[in-house]
Amino acid sequence: MDVREVSAEDIGLEYVSTAGVRERGSLGRLWPVAFKSVRPERRFPAFRGQGNWCGWYWSATCGGHVGYESWLERDRLMLLDFDPLVTGMASQPFRLSWAGSGGKRVRHTPDFFVRRADGTGLVVDVRPDERIGPGDAVKFAVTAAACRSVGWDFVRVGTPDGVLMANVRWLAGYRHPRVHRPEVAARLVKVFADGRGLLAGALRVGDQIAVLPVLFHLLWRRVLAVDLEAGLLSADSRVRLGMVREGGGDAFTSTAAASG
């Protein structure tokens, strides 16, 4: 298929609804479906000798579990959860199909569907550069063209920056809302308004055992911010106000975490 001539009506799509019913049709007809809440197109198996690690990640954004089929997918899912402009996501959301060379049907299931705060959709495939063969490249190209035909964005991502990912994994341990303590959070926002070292600022608020979990929670939510690619989080990491206002304010700019 020539990607320059991809039409939404030429792309088949099937998905499993929240009620467990498999639906089929063209991308042109089904694209308005709320894919951020559908069931996974396929199961996440676990068996002896399995080469990849499947599992379920609890998403603070969704308030529920989202599946993954590898550690790399788990990391990318975590980065999406960390992005304040992401409002919902689903794994293995649908299967696309189209007529390939010789009329043979080609099928592809993207890894994630993401809904952003501005209402736009993003389709994500996770695959390291070194694992993309010619057939995979064609599938990604057609999927990207199909997404463009209905106004979605598409991105294929690989292995994220190691330092960034290590820091985000740490902060993810404090992502649950139960960590939040409003009175401590308000004092932390005031202390870090002009920027200061992580531990020094925490100690100005109170006992570090009680304060640090709240601080990490605010860093996860982007109420507070730190350069997560400059080095591993430490006592001296400089913390400042972030892009999200405490109390549920709007994010000011996208982190582009999925495509980093």
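Reader: How many bridges pair E6 and E7?
Author: E6 and E7 are strands (DSSP runs of E with at least two residues, while helices are H or I runs of at least four, both numbered from the N terminus). Two strands count as paired if DSSP finds at least two bridges between them. E6 and E7 run in the antiparallel sense, and the number of bridges is 4.

Reader: Happy with that! Before I go on, what pLDDT do side-chain atom pairs need to count?
Author: Residues are numbered from 1 along each chain as its sequence is written, and side-chain values use heavy atoms, with hydrogens and water left out. This is a predicted model, in which local features need pLDDT of at least 70, totals for chains, interfaces and linings use all residues, and side-chain atom pairs count only at pLDDT 80 or more.

Reader: Back to E6 and E7: which residue in the turn of their hairpin has a positive phi?
Author: Within the paired strands, Leu96 stands opposite His108 in E7. The hairpin has 5 residues between E6 and E7. Its turn holds a residue with a positive phi of about 75 degrees, and that residue is Gly102.

Reader: By how many degrees, on average, are neighbouring strands of this sheet turned against each other?
Author: The sheet is open, with 4 antiparallel strands in the order E2-E1-E6-E7. Strand E2 (22-26) and strand E7 (105-108) are at the edges with a single partner strand each, so one side of each has no neighbour in the sheet. With direction ignored, the average turn between neighbouring strands is 20 degrees.

Reader: And in the pairing of E1 with E6, which residue stands opposite Leu13?
Author: Strand E1 (residues 12-16) and strand E6 (residues 95-99) run antiparallel and are joined by 3 bridges. Gly12 has Ser97 as its bridge partner in E6. Opposite Leu13, in E6, stands Leu96.

Reader: What angle does helix H3 make with E7?
Author: Helix H3 (residues 134-149) packs on the sheet and touches E6 and E7; contact means heavy atoms within 4.5 Å. Axes are lines fitted to C-alpha atoms, for helices over the stretch in contact, and angles run from 0 to 180 degrees between N-to-C directions. On that scale, the direction of H3 and that of E7 make about 80 degrees.

Reader: Now the charges: which residue forms a salt bridge with Glu14?
Author: A salt bridge here is a side-chain nitrogen of Lys or Arg within 4 Å of a carboxyl oxygen of Asp or Glu, and the count comes to 12. The N to O distance in the bridge made by Glu14 is 3.6 Å. Glu14 lies in strand E1 and its partner in strand E2, so parts 10 residues apart in sequence are tied together by Arg24.

Reader: Is Arg24 buried or exposed?
Author: Buried means under 20% relative accessible area, exposed over 50%, and partly exposed in between (1.4 Å probe, protein chains only). Glu14, at 11%, counts as buried. Arg24 has 54% relative accessibility, so Arg24 counts as exposed.

Reader: How far apart in sequence are Arg22 and Glu41?
Author: The side chains of Arg22 and Glu41 meet in a salt bridge of 2.9 Å, N to O. Arg22 is in strand E2, while Glu41 is in the loop between helix H1 (27-30) and strand E3 (55-59), a separation of 19 residues.

Reader: Which residues are linked with Glu14 in a network of salt bridges?
Author: Arg22 is partly exposed at 32%, whereas Glu41 is buried at 9%. The network links Glu14 with Arg22, Arg24, Glu41 and Arg95.

Reader: On to the rings: at what angle do the planes of Trp170 and Phe216 stand?
Author: Rings of Phe, Tyr and Trp (its six-membered ring) pair if their centres lie within 6.5 Å; planes under 30 degrees apart count as stacked, over 60 as edge-to-face and the rest as tilted. The whole structure has 13 aromatic pairs. The centres of Trp170 and Phe216 are 5.8 Å apart, and the pair is edge-to-face because the planes stand at 90 degrees.

Reader: Lastly, where does Ser237 lie?
Author: Ser237 is buried, with a relative accessible area of 12%. Beyond its neighbours within four places in sequence, Ser237 is in contact with Arg196, Gly197, Leu198, Val226 and Leu232. Its place is the loop between strand E12 (224-225) and strand E13 (238-241).
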